[in-house]
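Thanks for coming. I will take one structure today and go through it in a few short parts.

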Amino acid sequence: MGFLRGCLRISGHLTLAGAALGLGVAASRHTDLARVDQTQLALASAPPAARGPARPMPIDATQLLVSAAGGDVAETPEVPLLGLPSVPPAFDGLAETLRDGRIMRGVTPHRLILFTFDDGPDRNTTPLLLDRLDAAGVHAVFFLTGDNLRGENVAERKNQEIARETVRRGHWVASHGMRHRQLPLLSDYEAMLEIGQTEAVFRRVLGARPWLIRPPGGARSTRIDRLLAERGYTTMLWNLGAGDFQVRTAADVHKTWQAVFERRRAQGEEGGIVLLHDTYAWSVDAFQLIVQDLLDRNCELLAKGEELYDFIDDPGMFFEARGSADASAEAAPLRLSPEALEARQAPLREETMQRCQALATRE
Ligand SMILES: [Zn+2]
């Protein structure tokens, strides 16, 4: 687990968030801005008065570089090393902008793919997944289980750091409840205790409450939908499960995912929200297989002149404000205008052409 001790990669999401980029430009989105010692980073990232849990705030590269150069922060007050802006970070890792939305399932006729991971963080498996997401240039949504983040022992404290690292790398973090209990089986009071305790843990570890939630097991009821809506939550479900909790190998997860995928496609759903669990080693491997599968398909689709699979970076693409609709209302299928679709597809075609040609010449 070298990533916590070693250098910290600062994602370039500030400048490139929302850009319609495919996997091939991954390198440009995850630039190693600076290699810094953890202590120096802590100094650079938190004003002394607010020092406590590290804040999931994107850090200005110049601040890092000055700090990494070895300047003694306490003796150079004129250098704005500690002058982090008091405004919220530009990157909305806790998805406050997605509050009060209709229930999202990921239904779309487009080949848009969003990865989501439940039940973490897990110190044994999540760090490797974060590295693989970086390598693939993919940003995901992590639905964290509050119990993993209490910080009462070494393992939980490590999980806390992984949660912060997840946000630093430009991923979204969201609620998966406290103890993974099926909310419809609980009383109103118990259900809200699950939700409220998770919020408290998020505040302590990440500095703010989450606004997206995935109820454990996807279990819902109109009562639970209403309770969650009253607290401003937007529920995100999925349409591309992979049954990774039922098998033990990445190949089996991939096979199940393919079967589900084909079933959805037969229903007109060409893309959507993938559900995996970052708590299983085989799921971390299966992520690679699924990404490779879609990249391979893109070579064929490009040759046929069809829409390409597009790994989206933004759960907000599926978002629809709830407005006056009831708490169980679902978001409409995600349809892009021809212009918006082309704006995403054009650079993707370019990148896919280069990648697939390189593959072909190697063979
Ligand atoms: Zn779960």
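This is a predicted model, so please keep that in mind throughout. I will begin with the lining of the second largest cavity, whose residues divide into 5 nonpolar, 3 polar and 2 charged. The cavity itself holds about 50 Å³ of space, and the structure has 2 cavities of 30 Å³ or more.

Which residues line the second largest cavity? The lining consists of Gly-101, Ile-103, Asp-225, Leu-228, Ala-229, Tyr-233, Thr-234, Thr-235, Arg-322 and Ala-327. Two elements give two or more residues each to this lining, namely helix 9, residues 222-230, and strand 5, residues 234-235. Helix 9 gives the most, with 3 residues.

Next, the metal site. The zinc ion is coordinated by Asp-119 through OD and by His-176 and His-180 through NE2, at 2.0 to 2.1 Å. Along the sequence, the donors follow the spacing D-x56-H-x3-H. Are the two histidines buried or exposed? His-176 has a relative accessibility of 2% and therefore counts as buried. His-180 has 35%, so that residue counts as partly exposed.

Now helix 6, residues 126-136. Of its 11 residues, 8 are buried, so the helix is largely enclosed by the rest of the structure. The buried residues are Thr-126, Pro-127, Leu-129, Leu-130, Arg-132, Leu-133, Asp-134 and Ala-136. Note that Arg-132 and Asp-134 are on that list. Just after helix 6 comes Gly-137, which takes a positive phi of about 70°.

The last part is salt bridges. How many does a search of the whole structure find? The search finds 32, and I will show three pairs and one network.

The first pair on my list is Arg-105 with Glu-330, where the closest N and O atoms are 2.9 Å apart. This pair links distant parts of the chain, 225 residues apart. Arg-105 sits in the loop between helix 5 (61-68) and strand 1 (112-118), and Glu-330 in the loop between strand 7 (310-311) and helix 12 (338-362). Arg-105, at 31% relative accessibility, counts as partly exposed. Glu-330 is partly exposed too, at 37%.

Moving on, Asp-310 forms a salt bridge with Arg-344, and here the closest N and O atoms are 2.5 Å apart. Asp-310 belongs to strand 7 and Arg-344 to helix 12, with these positions 34 residues apart in the chain numbering. Asp-310 counts as buried at 2% relative accessibility, and Arg-344 counts as buried at 10%.

The remaining pair is Glu-199 and Arg-209, whose side chains meet in a salt bridge at 3.9 Å, N to O. Glu-199 lies in helix 8, residues 188-206, while Arg-209 lies in the loop between helix 8 and strand 4 (212-213), so the bridge ties together parts that are 10 residues apart in sequence. Glu-199 is buried, with a relative accessible area of 2%. Arg-209, at 10% relative accessibility, also counts as buried.

Finally, the network. Its salt bridges link Arg-111, Glu-262, Arg-265, Glu-270, Asp-293, Arg-297 and Glu-306.

That is what I have. I am happy to go back to any of these parts.

How values were computed:
Residues numbered from 1 in each chain as written. Predicted model: local features only at pLDDT ≥ 70, side-chain atom pairs only at ≥ 80, totals over all residues. Heavy atoms only, no water. 1 Å grid on protein atoms, 1.4 Å probe; cavity = no way out; pocket = protein on both sides within 12 Å on 5 of 7 lines; lining within 4 Å. Points joined across faces, edges and corners; volume = space filled by probe spheres on them. Helix = DSSP H or I, 4+ residues; strand = E, 2+ residues; numbered from the N terminus. Nonpolar A, V, L, I, M, F, W, Y, C, P; charged D, E, K, R; others polar. Buried < 20%, exposed > 50% of the residue type's maximum accessible area, 1.4 Å probe, protein only. Salt bridge = Lys/Arg side-chain N within 4 Å of Asp/Glu carboxyl O. Donors = N, O, S within 2.8 Å, 3.2 Å for Na, K, Ca; no water.
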